[in-house]
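User: I would like to go through this model with you, starting from its inner spaces. Could you take my questions one at a time?

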Amino acid sequence: MTSSQDNIYAQACENVSDFQFDEKVAGVFNDMIRRSVPGYSQIINTLGAFAQRFATSDSNIYDLGCSLGAATLSVRRQIDNRNCRIIAVDNSQSMIERCRENLTAYVSSTPVDLVCGDIRDIKIENASMVILNFTMQFLAPADRDELLSKIYRGLNPGGILILSEKLNFEDDEIQTLLYDLHLDFKRANGYSELEISQKRSSLENVMKPDTLLQHQDRLKQQGFKHFNIWFQCFNFASMVAIKS
């Protein structure tokens, strides 16, 4: 399915409402993410490479917060004939409906179970790979430990978690530098100062990024012994964690 241009915040609003993954956002999501998240296409493409290496026969792969299915499609292209099943979950019905259309456009022997629901309620079992691609930052901070604990328990030995997130930085100078570079990235992609400002306001109460140290401590506490950043561009990073 094609995506329209993101101009959701192009007109001045008297009161900017909290960001939601509704039909309006689903309709422009491809354009929004391309123009807002540096390195997103590289992350999506590399998810397929991780799947090719780590997806094991007769196992499950979870895409938690699947949106339009870009990660699921990248993975599915690389694991045909392994008898895997992908469980793709999103709590937005609009995203799920568009994801279904995107998936049906590609023939594959790997089945995908599309689930419209809260990722905190999904049972994780027999998993060789779990993907949280810019998803956990939208959960209440108190729920993040429990979700990672459930993921760790449901991963098979040798399985991986890919965790992509926007980061905060403890060093104020680095925080300012990378924040400003990200703003320049959005300006270069055609967003106006009004759009940048209004979207920032809409996300303020919805998205709560952690620092890298918080992510590392959380992964360690849940039992992961092997984890690190594999990709970073400005204040956006993707981490890999391997269950021993």
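**Cavities, pockets and cores**

Analyst: α7 makes the largest contribution to the lining of the largest cavity, with three residues. Please bear in mind that this is a predicted model.

User: Which residues line the largest cavity?

Analyst: The lining consists of Asp6, Ile8, Tyr9, Ser36, Lys186, Tyr191, Glu195, Ile196 and Lys199. By class, four of these are nonpolar, one is polar and four are charged.

User: What volume does the largest cavity have, and how many cavities of 30 Å³ or more are there?

Analyst: The volume of the largest cavity is about 70 Å³. The count of cavities of 30 Å³ or more is two.

User: Lys199 caught my eye. Where is it, and is it buried or exposed?

Analyst: Lys199 sits in helix α7. It is buried, because its relative accessibility is 13% and the cut-off for buried is under 20%.

User: What does Lys199 touch?

Analyst: Leaving out residues up to four places away in sequence, Lys199 touches Tyr9, Phe19, Met32 and Ser36. Of these contacts, Tyr9 and Ser36 also appear in the lining of the largest cavity.

User: How far is Lys199 from Ser59?

Analyst: Their C-alpha atoms are separated by 39 Å, and the two residues are 140 residues apart along the chain.

User: Let us turn to pockets. How much space lies in the largest pocket, and how many residues line it?

Analyst: The largest pocket holds about 1,100 Å³ of space. Its lining has 50 residues, and Phe21, Gln137, Phe138, Leu203 and Met207 lie nearest its centre.

User: Which elements supply that lining, and what is its make-up by class?

Analyst: At least two residues each come from α1, α2, α3, β2 (85–90), β5, α6 (172–188) and α7. The largest share, five residues, is from α6. By class, the lining of the largest pocket has 26 nonpolar, 14 polar and ten charged residues.

User: What does the UniProt record annotate as "binding site"?

Analyst: The unreviewed UniProt entry gives that annotation to Tyr40, Gly65, Cys66, Ser67, Asp90, Asn91, Asp118, Ile119, Asn133 and Arg200. These residues span 161 residues in sequence and their farthest two C-alpha atoms are 24.6 Å apart, so they do not all gather at one spot.

User: Which of them belong to the lining of the largest pocket?

Analyst: The lining of the largest pocket includes Tyr40, Gly65, Cys66, Ser67, Asp90, Asn91, Asp118, Ile119, Asn133 and Arg200.

User: Tell me about Gly65 and Ser67. Where are they?

Analyst: Gly65 lies in the loop between β1 (60–64) and α3 (70–76), and Ser67 is in the loop between β1 and α3 as well.

User: Are they buried or exposed?

Analyst: Gly65 counts as buried at 18% relative accessibility, and Ser67 is buried with a relative accessible area of 10%.

User: What are their contacts?

Analyst: Not counting residues up to four places away in sequence, Gly65 touches Val89, Asp90, Ile119 and Thr135. On the same basis, Ser67 touches Phe29, Asp90, Met95 and Cys99. Asp90 is thus named among the contacts of both.

User: What about the second largest pocket?

Analyst: The second largest pocket has about 360 Å³ of space. Its lining has 18 residues, with Asn30, Ala70, Leu73, Arg77 and Asn102 nearest the centre. α1, α2 and α3 each give two or more residues to this lining, and α2 gives the most, with four. By class, ten are nonpolar, seven polar and one charged.

User: Now the core. How many residues does the largest nonpolar core have, and which have the most contacts inside it?

Analyst: The largest nonpolar core has 39 residues, and those with the most contacts inside it are Leu47, Ile61, Val75, Ile79 and Met129. α2 supplies the largest share, seven residues.

User: What is Val75 in contact with?

Analyst: Setting aside neighbours within four places in sequence, Val75 is in contact with Leu47, Gly48, Ala51, Ile61, Ile86, Met129 and Ile131. Apart from this core lies another one, of 23 residues, among them Leu64, Ile87, Leu139 and Met239.

User: Finally, where does the record place the methyltransferase domain?

Analyst: The unreviewed UniProt entry places the feature "domain: Methyltransferase" at residues 61–159. The end C-alpha atoms of that span lie 10 Å apart, and the span is 33% helix and 27% strand.

Definitions and conventions:
Residues are numbered from 1 along each chain as its sequence is written. This is a predicted model: local features need pLDDT of at least 70, side-chain atom pairs count only at pLDDT 80 or more; totals for chains, interfaces and linings use all residues. Side-chain values use heavy atoms; hydrogens and water are left out. UniProt positions are given in the numbering used here, feature names are shortened, and annotations may be inferred rather than shown by experiment. On a 1 Å grid over the protein atoms alone, a cavity is a set of points where a 1.4 Å probe fits but cannot get out, and a pocket is an open set with protein on both sides within 12 Å along at least five of seven lines; lining residues have an atom within 4 Å of a point. Buried means under 20% relative accessible area, exposed over 50%, partly exposed in between (1.4 Å probe, protein chains only). Contact means heavy atoms within 4.5 Å. A nonpolar core is a set of buried Ala, Val, Leu, Ile, Met, Phe, Trp, Tyr and Cys residues joined through side-chain atoms within 4.5 Å. Grid points are joined across faces, edges and corners, and a volume is the space filled by probe spheres set on the points. Ala, Val, Leu, Ile, Met, Phe, Trp, Tyr, Cys and Pro count as nonpolar, Asp, Glu, Lys and Arg as charged, and the others, Gly among them, as polar.
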